[in-house]
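I sat down with this one today and kept short notes as I went. Here they are, in the order I looked things up.

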Amino acid sequence: MEVKNCKGCGRLFNYMSGPPLCANCQRKLEEKFQEVKEYLEENPNSSVNQVSEAMDVSVKQIKQWIREERLSLSQPSGDGVLCEHCGTPICSGRFCDKCKVDMQNSFSSAIEKPKAPEPKKRERDGNKMRFLQS
């Protein structure tokens, strides 16, 4: 366990994983997320900037929720979230569909699949003579 300063309030806390926020700031952030979610249900197709101004949340935080796939844009736009690989506008996540497929294919080809062992051929005695017992 590690002790860190909270990025939200500056207090020391025992850091486990995730964003460097204390439990109190994480709870407040989650409450703010629920408020943003309710706002979007009432105002669909709002832009990132509109939501930021109306809900007093930073654009950076809204984009983080979109990257985490907790929120989704109705349509990709240049002022929204861009694919981290090629820069194409996307609705949610970190990568566009094309880059996801390309990465999946490159990962699949990088991993060598185990080959099934070939069945052993039974060696025969050839044309040798033998006695059969009855």
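**Notebook: pockets, cores and loops**

I began with the pockets of this predicted model, and H3 caught my eye: with five residues, H3 gives the most to the lining of the largest pocket. I then looked up the size of that pocket, and its volume came out at about 370 Å³. Its lining has 15 residues, and those nearest the centre are Pro19, Leu29, Gln61, Gln64 and Glu68. Two elements give two or more residues to this lining, namely helix H1 (23-42) and helix H3 (59-67). Sorted by class, I found six charged, five nonpolar and four polar residues in the lining of the largest pocket.

**Second pocket**

Next I turned to the second largest pocket, with a volume of about 280 Å³. I noted 16 lining residues here, with Ser46, Ser47, Ser72, Leu73 and Ser74 the closest to the centre. Helix H2 (48-55) and H3 each supply at least two residues of this lining. The classes in the lining of the second largest pocket are eight nonpolar, seven polar and one charged.

**A closer look at Ser46**

Ser46 was on my list from the second pocket, and I placed this serine in the loop between H1 and H2. Is Ser46 buried or exposed? I looked up its relative accessibility and got 18%; the cut-off for buried is under 20%, so Ser46 counts as buried. A polar atom of its side chain lies 2.7 Å from the backbone oxygen of Asn43. Leaving aside neighbours within four places in sequence, I listed Tyr39, Leu40 and Val51 as the contacts of Ser46.

**Cores**

Then I went through the nonpolar cores. The largest has 18 residues, and the members that touch the most others are Val36, Ile62, Ile66 and Leu71. H1, H2 and H3 are the elements that give two or more residues to this core. I picked Ile66 for a contact list: beyond its neighbours within four places in sequence, Ile66 is in contact with Val48, Leu71, Leu73, Val81, Cys91, Ser92 and Gly93. Leu73 in that list is also one of the residues closest to the centre of the second largest pocket. There is a second, separate core of six residues, and I noted Cys6, Leu21, Cys22 and Cys25 among them.

**Positive phi**

Which phi values are positive in residues other than glycine? I wrote down two residues, starting with Asp56, where phi is near 55°. Asp56 sits in the loop between H2 and H3. I checked its relative accessible area and found 66%; exposed means over 50%, so Asp56 is exposed. My other entry is Glu69, with a positive phi of about 65° although this residue is not a glycine. I found Glu69 in the loop between H3 and strand S3 (81-82).

**The chain as a whole**

Last, I stepped back to the full chain. I counted four helices and four strands in its secondary structure, and from the N terminus on the elements run β-β-α-α-α-β-β-α. How many of the 134 residues count as buried? I got 22% of the chain. I also looked up how far apart in sequence the contacts are: among those with a separation of 6 or more, 18% are between residues 24 or more positions apart.

Note on methods:
Residues numbered from 1 in each chain as written. Predicted model: local features only at pLDDT ≥ 70, side-chain atom pairs only at ≥ 80, totals over all residues. Heavy atoms only, no water. 1 Å grid on protein atoms, 1.4 Å probe; cavity = no way out; pocket = protein on both sides within 12 Å on 5 of 7 lines; lining within 4 Å. Points joined across faces, edges and corners; volume = space filled by probe spheres on them. Nonpolar A, V, L, I, M, F, W, Y, C, P; charged D, E, K, R; others polar. Core = buried A, V, L, I, M, F, W, Y, C linked by side-chain atoms within 4.5 Å. Buried < 20%, exposed > 50% of the residue type's maximum accessible area, 1.4 Å probe, protein only. Contact = heavy atoms within 4.5 Å. Polar contact = N/O pair within 3.5 Å; in protein donor to acceptor, adjacent residues only side chain to side chain.
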